[in-house]
Amino acid sequence: MQKRARLNGKSPGGCGDGRLRAGAPAPVRVGDLARLATRIRLHAVHMVGIQGFGYLGQALSAAEIFAALYGGGLMRPGWDRFCLSPAHYAVVHYAAAAEVGLLHPEALKSYGRDGTELEAISTERTPLLDLTCGSLAQVISGAIGFALASRYAKDDRRVFALLSDGEMEEGQTWEAAMFAAHHALDRLAVVIDANNSQVDGQVNSVTTLEPLADKWRAFGWRALEVDGHDADALVASMQSTASERKPLVVIGRTQILGGLKSVPATADGHFLKLDPALKAAVIAELEARLA
Amino acid sequence: MLRPPYEIVLKPYGKALVELARERTDIICLSGDLTRQTETDLFRDALPDRFINVGMAEANMIGIAGGLARAGHTVFVNTFGVFCTRRCYDQVAMAIAYPNLDVKIVGFMPGLSSPGGPSHQAIDDVALMRALPNMTVVDLADAVEISQAVRAVVERRGPVYLRLKRGEIPVVSEASRRFSLHEAQVAKKGREACIVASGMMVPAALVAADVLDANGVSTCVINSPVIKPLDAATIVAAARGARAVVTAENHSVIGGLGSAVAEALAEAGVGVPLRRIGVADVFAESGSREYLFDRYNLGVQNIVDAAWITIAPTKPVPAAPAMPLTAGTYAPV
């Protein structure tokens with residue numbers, strides 16, 4: 001398995017190595033991000049299809065967000081930080097990493113299996129992540145720690161953190177939001193996969209998060225809302241700059257099933273059951289998009 | 001170790017941290033809106049660029065500490081013991097302990113030393129922190145040890161919970177004392193009874209041992225500031241052959257020093273009767289340190305009673321001396 005510099009604190013003292021580097025590597029740029037997103041979905045279907053159930057909805061909803069982050073020229077591997085808050089999204093992280101050459105595609109076959117390095121819920125062992133945590137809403141605080149560290153080091157790293165919408169029910173999200181704005185952490189960019197899905201159903205059936213963008217603005221952030229299935233729009237919003245020194249949040253509005261016609265609308269998006277017939281139908285639909 | 005009344009000093013931790021941070025530029029100091037109370041006003045004033053007041057947001061503070069540590073910093077997190085353990089346990093577990101980061105969590109106002117009632121009284125912090133893999137747990141209430149422990153916990157890579165008395169800090173150790181994260185201290189030798197104490201209960205243990213000695217029960221005192229990893233070898237060696245072991249801690253009797261000693265003795269096959277002096281699995285109340293330590297049985301007499309009743313149950317228990325507090329000094333209850 002090819003690995004980027006491990007920046008997830010496996011060695012005592014964390015990952016101070018990177019800031020000693022003279023220059024940053026070039027970011028990965030993939031020409032057709034929509035196609036990349038489809039290939040990410042296809043990988044995810046194959047990975048989840050081995051066991052017949054799993055966190056496929058996360059990959060279906062966030063495929064364009066990961067295409068933008070991993071292939072959109074935003075992140076310089078080993079330099080900029082990537083923090084994955086909802087660890088259930090590990091599947092889409094692996095799929096995207098394989099697509100841009102950071103993971104060997106063969107490794108994807110071990111996803112979720114006993115003893116694998118590619119655990120279904122990402123952990124400290126998970127390759128290629130600077131930070132992740134299966135206990136939700138913690139990662140944004142760690143991302144802030146990275147942003148502060150970059151400020152102390154006077155380097156130009158950006159910190160990207162992917163958050164899900166359901167975890168915004170946790171109070172820590174808003175503790176962190178207040179802090180980041182107060183300290184004008186403008187190298188911090190949060191992208192939210194706003195798919196309106198959590199374990200017990202639709203987020204808006206459990207609690208009212210909206211108006212989400214206004215909430216972040218009220219907490220002092222620069223908030224942009226985009227179609228989360230438009231990878232180019234996601235890239236553009238994450239590359240956008242402003243004169244004011246504020247952290248950036250990009251709210252990507254998505255559908256938990258990624259707009260796939262072959263999946264019944266009543267399916268449980270958080271933990272999708274994928275029998276052989278459904279798997280074949282989804283693969284056929286995705287492959288047709290690539291044809 | 002010295003006997004009461006003790007001289008007191010102020011801010012030994014805050015001074016030691018500033019001194020070390022001048023040398024170690026990787027150190028960052030976080031406070032949770034309790035800056036003066038955690039002696040870190042000294043850091044804030046001396047090294048303001050590396051001081052961050054995160055405010056009343058402990059979950060966020062622990063996460064930020066983790067991020068800074070992953071990027072190579074050594075981070076001191078400062079607040080009251082209740083707020084950096086009980087309030088944000090999952091964050092300490094996932095953001096600090098599991099990734100084994102260089103974050104030193106400093107919790108002030110241990111046990112019943114707070115007049116603030118159960119919300120402010122850390123009676124379970126040692127138990128909570130001890131249960132976390134990778135975490136070192138240290139309980140200190142002696143200015144000499146505190147001054148040395150700051151450097152020691154930085155030199156030990158990985159997470160540490162440092163439990164400190166707030167306010168007036170007694171000088172209990174001789175100036176020659178060398179604090180160790182690996183070795184408990186045989187503060188007094190003796191054969192028949194063995195008292196193992198940490199933090200604010202060390203002075204009471206010393207006086208209780210003197211009382212027992214004076215009444216014919218030779219008593220040793222083990223000062224065990226490091227509760228995890230426990231120096232089981234020193235404790236087992238002292239307990240073997242004794243007729244009673246008494247643990248003394250300003251903490252619940254569940255999960256702290258008493259539990260750790262019980263585990264060590266049982267695993268070593270040392271079948272000596274054990275009595276645990278500590279908060280007896282109850283939530284306490286508001287009150288002065290003197291009142292609460294007396295009311296919740298954390299006094300010298302309680303330690304004497306525990307040893308005496310085990311060793312000489314038919315004889316009258318000797319009385320602990322009265323230790324009136326005079327201004328500017330410190331004494332156990």
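**Figure 1. Domain 1 of chain B and domain 2 of chain B bury about 2300 Å² between them.** Of this buried area, 58% lies on carbon and sulfur atoms. Please keep in mind as you look around that this is a predicted model. Where does each domain begin and end? In chain B, domain 1 covers residues 6-170 and domain 2 covers residues 185-320. Their C-alpha centres are 26 Å apart. The contact between them draws on 31 residues from domain 1 of chain B and 33 residues from domain 2 of chain B. Three residues are good ones to find here: Leu112(B), Ile123(B) and Arg130(B) together supply 33% of the area that domain 1 of chain B buries against domain 2 of chain B, more than any other three residues.

**Figure 2. Arg130(B) and Glu263(B) form a salt bridge.** Arg130(B) has already appeared among the three residues that supply 33% of the area buried by domain 1 of chain B against domain 2 of chain B. How far apart are the closest N and O atoms of Arg130(B) and Glu263(B)? They are 3.3 Å apart. Between domain 1 of chain B and domain 2 of chain B, the count is one salt bridge.

**Figure 3. Chain A meets chain B across an interface that buries about 2200 Å².** The size of an interface is often given as the accessible area lost when the parts come together. Here, 56% of the buried area is on carbon and sulfur atoms. Chain A brings 30 residues into the contact, and chain B brings 28. How many salt bridges does the rule find across this interface? The count is one. Look for Arg70(B) and Glu124(A), which form a salt bridge whose closest N and O atoms are 2.8 Å apart.

**Figure 4. The second largest cavity holds about 80 Å³ of space.** Its lining is made of 13 residues, and the closest to its centre are Leu131(A), Gln138(A), Val139(A), Arg70(B) and Ala95(B). You may recognise Arg70(B), the partner of Glu124(A) in a salt bridge. Which elements give two or more residues to this lining? From chain A they are β3 (131-133) and α4 (139-153), and from chain B they are α3 (58-70) and α5 (89-97). With four residues, α3(B) gives the most. Sorted by class, the lining has five nonpolar, six polar and two charged residues. In the whole count there are five cavities of 30 Å³ or more.

**Figure 5. The largest pocket has a volume of about 300 Å³.** Rolling a probe the size of a water molecule over the atoms shows where empty space is left. In this pocket, 20 residues form the lining, and those nearest its centre are Ser197(A), Gln202(A), Ile256(A), Ala265(A) and Ala267(A). Two elements of chain A, β6 (197-198) and β7 (201-202), give two or more residues to the lining. What classes of residue make up the lining of the largest pocket? There are seven nonpolar, 11 polar and two charged residues.

**Figure 6. Two cis peptide bonds are shown here, one between Glu210(A) and Pro211(A) and one between Pro4(B) and Pro5(B).** For the bond joining Glu210(A) to Pro211(A), omega is about 5°. Pro211(A) belongs to the loop between α6 (203-206) and α7 (212-218) of chain A. For the bond joining Pro4(B) to Pro5(B), omega is about 0°. Where should you look for Pro5(B)? Pro5(B) is in the segment before β1 (6-10) of chain B.

**Figure 7. Leu128(A) has a positive phi.** Although Leu128(A) is not a glycine, its phi is about 75°. To find Leu128(A), follow chain A to the loop between α3 (90-99) and β3. The strand β3 of chain A should be familiar from the lining of the second largest cavity, to which β3 gives two or more residues.

Notes: Residues numbered from 1 in each chain as written. Chains lettered and ligands numbered in written order. Predicted model: local features only at pLDDT ≥ 70, side-chain atom pairs only at ≥ 80, totals over all residues. Heavy atoms only, no water. 1 Å grid on protein atoms, 1.4 Å probe; cavity = no way out; pocket = protein on both sides within 12 Å on 5 of 7 lines; lining within 4 Å. Points joined across faces, edges and corners; volume = space filled by probe spheres on them. Nonpolar A, V, L, I, M, F, W, Y, C, P; charged D, E, K, R; others polar. Domains from an automatic or database assignment. Contact = heavy atoms within 4.5 Å. Buried area = accessible area lost by both parts, 1.4 Å probe. Salt bridge = Lys/Arg side-chain N within 4 Å of Asp/Glu carboxyl O.
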